[in-house]
Amino acid sequence: MGKKGDRTKQIIKARALGLFARKGFKDVTMKDVCEATGLSRGGLYLHYGSTGEIFTEIVDDLMNAQRDEFGDKIARGMSAKEILLQVLERYKNEMADTQGSLSVAIYEFFGAGNAGRNNALLRQYRKSREMWRQLLEYGIRRGEFRPVAIDAAFDLIVFSYQGVRMYGALMDVDERTPGHIVSLIETLLLPGGKE
């Protein structure tokens with residue numbers, strides 16, 4: 001596919017992402033995607049055969065963008081504390097953004113009865129765990145982080161973040177909650193706190 005086809009796929013994914021964030025996975029149809037993109041059914045099916053294909057690419061793109069977020073910064077010698085504070089600020093903003101969350105769609109897509117899809121989610125989870133392990137070990141080694149149980153710290157960070165994203169898509173979450181979580185993680189990891 002040429003540059004025009006690649007641009008069209010990017011437009012499809014961008015518009016579909018908004019649909020999935022608002023409606024979840026199971027309630028988005030190819031007709032919805034056609035309406036959101038202005039493409040005919042034939043035009044859409046030229047690029048994607050199903051909403052599952054579109055969603056899979058969206059999730060892969062998001063995971064690939066985050067995959068080596070820490071590794072590049074660590075290789076440049078960036079402070080572990082600075083890396084942590086940047087990602088926690090992003091997490092805080094994402095937790096507060098209840099309209100932009102794909103958590104419900106991800107849950108629906110990777111839910112029960114999709115063993116093959118669950119393997120893909122598990123692979124992404126393992127990549128995330130390895131990325132966080134790298135950052136936490138780096139920060140501990142440099143004396144910027146407290147010596148914590150790395151697996152426990154990862155569980156706290158990721159499941160708190162994902163839990164708020166999921167609940168925020170389903171109900172009103174106190175606007176202070178993202179700040180509380182980030183502050184607790186900073187207290188757990190940073191010997192002198194944020195300052």
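How do the residues of the lining of the largest pocket divide into nonpolar, polar and charged? Keep that in mind for the first view; the model shown throughout is a predicted one.

**View 1. The largest pocket and its lining.** Welcome to the open space of this model, a pocket with a volume of about 870 Å³. To settle the opening question, its lining divides into 18 nonpolar, 7 polar and 5 charged residues. There are 30 lining residues in total, and M63, I106, L121, Y161 and Q162 are the closest to the pocket centre. Two or more lining residues come from each of α4 (51-67), α6 (80-96), α7 (103-109), α8 (115-141) and α9 (150-170). Of these helices, α9 gives the most, with 8 residues.

**View 2. E144 in the loop between α8 and α9.** Is E144 buried or exposed? E144 counts as buried because its relative accessible area is 16%, under the 20% cut-off. Its side chain reaches the backbone nitrogen of A80 at 3.0 Å. A polar atom of the same E144 side chain also lies 2.9 Å from the backbone nitrogen of K81. Leaving aside residues up to four places away in sequence, E144 touches S79, A80, K81, G139, L189, L190 and P191.

**View 3. The largest nonpolar core.** A general tendency makes a handy backdrop here: in soluble globular proteins, nonpolar side chains tend to be buried together. In this model, the largest nonpolar core has 29 residues, and F70, W132 and L135 touch the most other members. At least two residues of this core are supplied by each of α5 (69-75), α6, α8, α9 and α10 (177-189). Take a closer look at F70: beyond residues up to four places away in sequence, F70 touches I83, V87, M131, W132 and L135.

**View 4. A second core.** Separate from the core in the previous view is another one, made of 20 residues. Among its members are C34, I54, F55 and F109.

**View 5. Helix α2 and the residue just after it.** Which residues of helix α2 (residues 30-37) are buried? They are M30, D32, V33, C34 and T37. C34 may look familiar, as this residue is also included in the second core. Just after α2 comes G38, whose phi is positive, at about 80 degrees.

Methods
Residues are numbered from 1 along each chain as its sequence is written. This is a predicted model: local features need pLDDT of at least 70, side-chain atom pairs count only at pLDDT 80 or more; totals for chains, interfaces and linings use all residues. Side-chain values use heavy atoms; hydrogens and water are left out. On a 1 Å grid over the protein atoms alone, a cavity is a set of points where a 1.4 Å probe fits but cannot get out, and a pocket is an open set with protein on both sides within 12 Å along at least five of seven lines; lining residues have an atom within 4 Å of a point. Grid points are joined across faces, edges and corners, and a volume is the space filled by probe spheres set on the points. Helices (H or I, at least four residues) and strands (E, at least two) are DSSP runs, numbered from the N terminus. Ala, Val, Leu, Ile, Met, Phe, Trp, Tyr, Cys and Pro count as nonpolar, Asp, Glu, Lys and Arg as charged, and the others, Gly among them, as polar. Buried means under 20% relative accessible area, exposed over 50%, partly exposed in between (1.4 Å probe, protein chains only). A polar contact is a pair of N or O atoms within 3.5 Å; within protein, one must be able to donate a hydrogen and the other to accept it, and residues adjacent in sequence count only if both atoms are side-chain atoms. Contact means heavy atoms within 4.5 Å. A nonpolar core is a set of buried Ala, Val, Leu, Ile, Met, Phe, Trp, Tyr and Cys residues joined through side-chain atoms within 4.5 Å.
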